[in-house]
Amino acid sequence: MEAAQRHVVFRACGGNGLHGRLRVPGDKSISHRAVMFGALAEGCTEVTGLLEGKDVLATVAAFRAMGVAIDGPEQGRLRIEGAGLHGLSAPAEPLDMGNAGTAMRLLCGLLAGQAFDSVLVGDESLTRRPMRRITEPLAAMGACIETSAEGTAPLTVRGGYDLRGVDYALPVASAQIKSALLLAGLYASGETCVTEPAPCRDHTERMLAGFGYPVAREGNRVSLSGNGRLQGGRVEVPADISSAAFFLVGASIAPGSDLILEHVGMNPTRTGVIEILRLMGADIEVLGQREVGGEPVADLRVRHAPLHGVRVPRELVPLAIDEFPVLFVAAAGAEGETIVEGAEELRVKESDRIAVMADGLEALGVRLEQRPDGMIIQGGPSLRGGKVAAHGDHRTAMAFAVASLIADAPVSVDDCANVATSYPSFVDEARRVGLAIDVQQA
Ligand code: S3P
């Protein structure tokens with residue numbers, strides 16, 4: 001279980017907007033998958049641009065504990081000696097996934113196909129998150145996984161069960177469920193098909209194809225057959241658009257801003273944040289779009305622009321699901337009303353992101369109404385300073401720091417230690433482009 005972690009408070013205040021150039025760290029979703037597929041591949045995989053956040057380090061540690069030789073990470077480089085699909089060995093201890101929902105859910109699918117038993121544990125937040133959404137469809141494939149009575153971790157994944165392909169329609173547009181089933185499908189007899197109700201991130205499908213594993217897509221239906229092989233190679237991880245989002249919003253709302261974000265992943269299943277901000281009037285220019293290792297990337301130039309409220313189109317919600325904490329901040333700084341609906345998944349992320357953001361923004365003087373599936377926000381040009389709580393959620397912590405750019409006094413954000421899960425260099429990089437953050441640790 002989680003070692004005692006220091007209590008971290010950010011005290012943030014804006015200045016004259018955000019300026020300069022920044023390459024934010026590697027994409028978290030792609031980094032997890034690079035480690036997993038590299039470990040299951042034959043031959044060596046060299047990863048560059050890996051996110052060295054705690055979530056990804058938990059995935060690296062899990063594969064080391066299952067006997068995979070991994071060098072690094074050092075400055076984003078990782079070298080993995082692939083063990084092959086059937087080369088993992090039983091871990092001696094429970095695998096501690098910390099705060100990482102992606103790691104726990106994807107690993108659960110992968111471990112269901114192994115010959116050995118394993119146990120997945122996580123921190124307090126991860127232990128509250130729903131796991132039946134993966135254990136039930138995996139059980140339909142023949143897997144044997146035990147959860148707590150509430151359907152949460154610890155998860156005991158029994159080995160030695162024969163898996164068979166399923167044809168499963170996802171009840172929610174979740175890439176974690178889709179990916180867990182596809183990973184189990186690597187070990188299943190026959191075909192595993194997953195149908196998504198709306199497009200959600202497709203890094204698993206893209207990266208499997210990059211490792212030479214055939215994956216078919218027809219419309220919103222993805223399928224693969226078991227018992228193939230993955231071939232190791234090179235993976236270049238683009239900068240994480242979910243981390244870039246804090247600066248896209250910050251530069252949009254802070255007068256005087258002009259900022260370039262380099263080498264940002266532009267996978268169309270992830271760019272909802274850009275589309276939503278543009279609907280609100282943001283000035284975001286896409287420069288030098290190119291493709292790197294099967295994923296599109298570009299540099300983004302963002303300049304301050306007056307934002308206005310919008311009704312966020314429902315189909316964009318899964319394409320921006322991790323960006324809503326900071327999109328709520330954009331809405332708070334926009335003229336008029338913003339309506340977010342169809343976003344009930346936000347309630348089961350690292351925190352209840354609707355409640356945490358609503359409480360914090362209200363404390364900063366924003367008028368809003370919480371809905372079970374979203375929020376209605378009455379925006380305005382500036383916020384009050386004050387004290388808010390991130391509730392241990394990395395993305396709410398960074399979103400509140402960004403809110404300080406338009407507050408009339410400093411914003412003090414409690415419980416920020418988990419920023420290290422996805423963006424360990426956030427404070428340094430924020431300071432470098434003009435967002436002053438003091439860090440107090442206890
Ligand atoms: C992720 C999928 C999303 C996202 C998470 C990362 C992934 O979760 O919120 O941060 O890497 O597959 P859901 O699948 O629960 O929507």
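## Where the ligand sits

Helix H1 (28–40), helix H3 (101–111) and helix H6 (175–185) each give at least two residues to the shell around the ligand; helices here are DSSP runs of H or I with at least four residues, numbered from the N terminus. The ligand sits in the largest pocket, meaning that more than half of its atoms lie within 2 Å of the pocket's grid points. This is a predicted model, in which local features need pLDDT of at least 70, side-chain atom pairs count only at pLDDT 80 or more, and totals for chains, interfaces and linings use all residues. Residues are numbered from 1 along each chain as its sequence is written, and side-chain values use heavy atoms, with hydrogens and water left out.

**Around the ligand**

- The residues surrounding the ligand (a heavy atom within 4 Å of it) are Ser29, Arg33, Thr102, Arg105, Ser174, Ala175, Gln176, Arg201, Ile321, Asp322 and Lys349.
- By class, this shell has two nonpolar, four polar and five charged residues; Ala, Val, Leu, Ile, Met, Phe, Trp, Tyr, Cys and Pro count as nonpolar, Asp, Glu, Lys and Arg as charged, and the others, Gly among them, as polar.

**Polar contacts (pairs of N or O atoms within 3.5 Å)**

- Ser174 has a polar side-chain atom 2.6 Å from an oxygen atom of the ligand.
- For Asp322, a polar side-chain atom also lies 2.6 Å from a ligand oxygen atom.
- In Ser29, a side-chain N or O atom is 2.7 Å from an oxygen atom of the ligand.
- On its own, the ligand has 390 Å² of accessible area, and the protein covers 96% of that (Shrake-Rupley method, 1.4 Å probe).

**The largest pocket**

- A pocket is an open set of points on a 1 Å grid over the protein atoms alone, with protein on both sides within 12 Å along at least five of seven lines; lining residues have an atom within 4 Å of a point.
- The largest pocket has a volume of about 610 Å³, counted as the space filled by probe spheres set on points joined across faces, edges and corners.
- Its lining has 37 residues, and those closest to the centre are Ala173, Ser174, Ile321, Glu345 and Lys349.
- H1, H3 and H6 each supply at least two residues of this lining.
- The lining of the largest pocket comprises 13 nonpolar, seven polar and 17 charged residues.

**The cavity**

- One cavity of 30 Å³ or more is counted, a cavity being a set of points where a 1.4 Å probe fits but cannot get out.
- The largest cavity has a volume of about 40 Å³, and its lining includes Asp27, His203, Met266 and Glu295.

Technical notes: A polar contact is a pair of N or O atoms within 3.5 Å; within protein, one must be able to donate a hydrogen and the other to accept it, and residues adjacent in sequence count only if both atoms are side-chain atoms.
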